[in-house]
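Trainee: I have a model open and would like to work through it with you. Can we take it one point at a time?

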Amino acid sequence: MTRWDKLLIIFILAISLVSMRFIKNKAINVGRKYVSIQTNGEEIKKIIFDKKIIGKTIPIETEFGYNLIEIGDERIRVIEADCPDQIDVKQGYISKTNEMIVCLPNRLVIEIIGLEEDGEVDYITY
């Protein structure tokens, strides 16, 4: 392997690392986002982040259990649940696109989803 081969390998690795970093940042930092709250696989609430709802708590009571959700400044968390393990409460805030809080005993999924404003294919599935 010559000196130029080694330089070419280093150059290709550097370009690919920079590209991966750029794509990751574009995929996570979506402009507007909303929260999808699902129970037993069906969406029961859709909340778009807004300055008016900061600090608001939303009770989710279903046949499977009870959860109390708190909305922060473009982030959300579960502050109370009647499930035995309390993993969803211990997880804390989520704020990035495609992050989830899951409570299996209560069959609750809280997911942050980015709004595609210009109709482009998202970077996660492309």
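Trainee: Which residues does T39 touch, leaving out those up to four places away in sequence?

Mentor: Keep in mind that this is a predicted model. T39 lies in strand β1, which covers residues 33-39. Leaving out residues up to four places away in sequence, T39 touches I44, I60, T62, F64, N106, R107 and L108.

Trainee: Is T39 buried or exposed?

Mentor: The cut-off for buried is under 20% relative accessible area. T39 has 8% relative accessibility, so T39 counts as buried.

Trainee: How many of the residues of β1 are buried?

Mentor: Take the two faces in turn. On one side K33, V35, I37 and T39 are buried, and on the other side Y34, S36 and Q38 are buried. Both faces of β1 are therefore covered, given that buried means under 20% relative accessible area. The count for β1 is seven of its seven residues.

Trainee: What is the strand order of the sheet that holds β1?

Mentor: Start from the pairings. β1 joins strand β7 (residues 108-114) through seven antiparallel bridges, and β1 pairs with strand β2 (residues 42-48) over six bridges, also antiparallel. β6 and β7 pair in the antiparallel sense over four bridges. The result is an open sheet of four strands in the order β2-β1-β7-β6.

Trainee: Which are the edge strands of that four-strand sheet?

Mentor: In the order β2-β1-β7-β6, look for strands that pair on one side only. Neighbouring strands of this sheet are turned by 20° against each other on average, direction ignored. The edge strands are β2 and β6 (100-103).

Trainee: Which residue of β2 is the bridge partner of Y34?

Mentor: Y34 belongs to β1, where Y34 is buried along with S36 and Q38 on one side. Towards β7, Y34 stands opposite I113. In β2, the bridge partner of Y34 is I48.

Trainee: Which residue in the turn between β1 and β2 has a positive phi?

Mentor: β1 and β2 pair in the antiparallel sense, and the two strands form a hairpin with two residues between them. The phi in question is about 55°, and the residue is N40.

Trainee: Which residue of β7 stands opposite V102?

Mentor: β6 spans 100-103 and pairs with β7 over four bridges. Across from V102, in β7, stands V109.

Trainee: Which side chains of β3 point to one face and are buried?

Mentor: In a regular strand the side chains alternate between the two faces of the sheet. β3 shows this alternation: T57, P59 and E61 point to one face and are not buried. The side chains that point to the other face and are buried are those of I58 and I60.

Trainee: Which residue of β4 is the bridge partner of I60?

Mentor: β3 and β4 are joined by a hairpin through four residues. The two strands run antiparallel and share five bridges. In β4, I60 has as its bridge partner N67.

Trainee: What is the order of the three-strand sheet?

Mentor: Strand β4 (residues 66-71) also pairs with β5 in the antiparallel sense, over five bridges; L68 stands opposite E80 in β5. The edge strands, each pairing on one side only, are β3 (57-61) and β5 (76-81). The twist averages 25° from one strand to the next. The open sheet has the order β3-β4-β5.

Trainee: Where is I12, and is this residue buried or partly exposed?

Mentor: I12 is in helix α1, residues 3-28. Together with L8, F11 and I15, I12 makes a nonpolar surface patch of about 400 Å². With a relative accessible area of 49%, I12 is under the 50% cut-off for exposed but not under the 20% one for buried. I12 is therefore partly exposed.

Trainee: In what order do the elements of the protein run from the N terminus on?

Mentor: The protein has two helices and seven strands. Of its 126 residues, 29% count as buried. From the N terminus on, the elements run α-β-β-β-β-β-α-β-β.

Terms used. Residues numbered from 1 in each chain as written. Predicted model: local features only at pLDDT ≥ 70, side-chain atom pairs only at ≥ 80, totals over all residues. Heavy atoms only, no water. Pairing = 2+ DSSP bridges. Axes fitted to C-alpha atoms, helices over the stretch in contact; angles between N-to-C directions. Patch = residues over 30% accessible without salt bridge, like charges linked within 9 Å, V, L, I, M, F, W, Y side chains within 5 Å. Areas by Shrake-Rupley, 256 points an atom, 1.4 Å probe, with all protein chains shown as cover. Salt bridge = Lys/Arg side-chain N within 4 Å of Asp/Glu carboxyl O. Buried < 20%, exposed > 50% of the residue type's maximum accessible area, 1.4 Å probe, protein only. Contact = heavy atoms within 4.5 Å.
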